[in-house]
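User: Could you take a close look at the aromatic pairing in this protein for me? I would like to see how the rings are placed and what surrounds them in the chain.

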Amino acid sequence: MLQSVEDISPTKKRLRIEIPSDVIEREIKDSLEKLRQRMRIPGFRPGKAPLNLIEKRFGNEVNAEVFEKVIPEFFSRALMEANVNPITPPVFDEKPEFRRNNPIHLSITVEVMPNIENLHYEDIRAKDIPVTVEDADLEDALKKVAGEKAVYEVAEKEIEMDDLVNFDFVDCEVVGEETTPSMKERVSQMGNEMFPPDILEKMIGKKKGDISEFTTTFDKTLSSKEL
């Protein structure tokens with residue numbers, strides 16, 4: 001929630017925002033519960049694993065996701081409440097800290113349009129610029145709008161190249177490093193350059209709900225350092 005708005009200059013404002021701890025905890029519990037419903041933990045039926053076990057294994061990832069979710073959400077609310085329209089990306093005055101059962105305090109500076117008074121423009125003349133719109137231009141614009149408003153539906157068919165796929169994956173073990181496997185979620189288009197060919201081969205032909213398990217080796221030339 002918005003705590004205060006400070007006028008630094010005619011074109012700059014500072015917003016102080018507090019995200020309540022109960023909101024953060026509720027988001028964390030909701031995310032853990034959703035993860036529990038999706039996870040398959042050995043020894044437990046789907047959705048029946050203890051929540052504290054899910055939190056122990058994936059708590060850090062869930063905390064990070066919630067942190068990244070609530071900040072832009074409360075920042076947008078604060079902008080509306082303060083009636084501020086920024087013209088540049090926001091700048092954090094100090095790095096936000098995340099601690100369980102504690103509120104998050106934000107101090108954000110934004111650039112705004114100046115309020116110009118006594119502006120007279122009645123005698124300014126504007127010159128018309130002729131614009132020609134072809135049928136093809138109109139058709140392209142309509143296709144673009146239709147694509148942006150499209151609603152995706154889950155398909156029962158096998159995965160093919162260029163399909164948009166939503167999948168969960170568990171990190172592999174990195175030889176020579178201490179790593180804890182963690183569940184992650186990704187939506188990507190099959191054929192994206194981030195996927196090595198062998199991963200693509202394992203995905204193509206799968207259907208909704210399928211599980212794929214395999215071993216592969218990545219060399220240092222791989223563009224995606226995360227993989």
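Analyst: Happy to help; here is a walk from the overall fold to the rings, and then to two loop residues.

Please keep in mind that this is a predicted model. The protein contains four helices and six strands, and read from the N terminus the order of these elements is β-β-α-α-β-β-α-β-β-α. Of its 227 residues, 24% count as buried. Among contacts with a separation of 6 or more, 57% are between residues 24 or more positions apart. The exposed surface comes to about 17700 Å², with 51% of it supplied by carbon and sulfur atoms.

Now to the rings. A pair of aromatic rings is described by how far apart the centres are and by the angle of the planes. Searching the whole structure turns up one aromatic pair. Its members are phenylalanine 67 and phenylalanine 98, with 5.8 Å from centre to centre and 70° between the planes, an edge-to-face arrangement. The label follows because planes over 60 degrees apart count as edge-to-face.

Where do the two partners lie? Phenylalanine 67 belongs to helix H2 (residues 51-82), while phenylalanine 98 is in the loop between strand E3 (91-92) and strand E4 (104-111), so the pair ties together parts that are 31 residues apart in sequence. As for solvent, phenylalanine 67 has 21% relative accessibility and counts as partly exposed. Phenylalanine 98 is also partly exposed, at 24%. Both labels make sense because buried means under 20% and exposed means over 50%.

There is another ring worth a glance, this time with a charge as its partner. The charged end of arginine 77 sits over the ring of phenylalanine 74, at 4.6 Å from the ring centre.

Finally, the backbone has two spots you may want to inspect. Most residues other than glycine have a negative phi. Asparagine 83 has a positive phi, near 55°, without being a glycine. Asparagine 83 is found in the loop between H2 and E3, and its 65% relative accessibility makes it exposed. Aspartate 162 is likewise not a glycine, yet its phi is positive at about 75°. This aspartate 162 is placed in the loop between helix H3 (135-148) and strand E5 (164-170). With a relative accessible area of 54%, aspartate 162 is exposed.

Notes. Residues numbered from 1 in each chain as written. Predicted model: local features only at pLDDT ≥ 70, side-chain atom pairs only at ≥ 80, totals over all residues. Heavy atoms only, no water. Phe/Tyr/Trp six-rings, centres within 6.5 Å; stacked < 30°, edge-to-face > 60°. Helix = DSSP H or I, 4+ residues; strand = E, 2+ residues; numbered from the N terminus. Buried < 20%, exposed > 50% of the residue type's maximum accessible area, 1.4 Å probe, protein only. Lys NZ or Arg CZ within 6 Å of the ring centre and 35° of its normal. Contact = heavy atoms within 4.5 Å. Areas by Shrake-Rupley, 256 points an atom, 1.4 Å probe, with all protein chains shown as cover.
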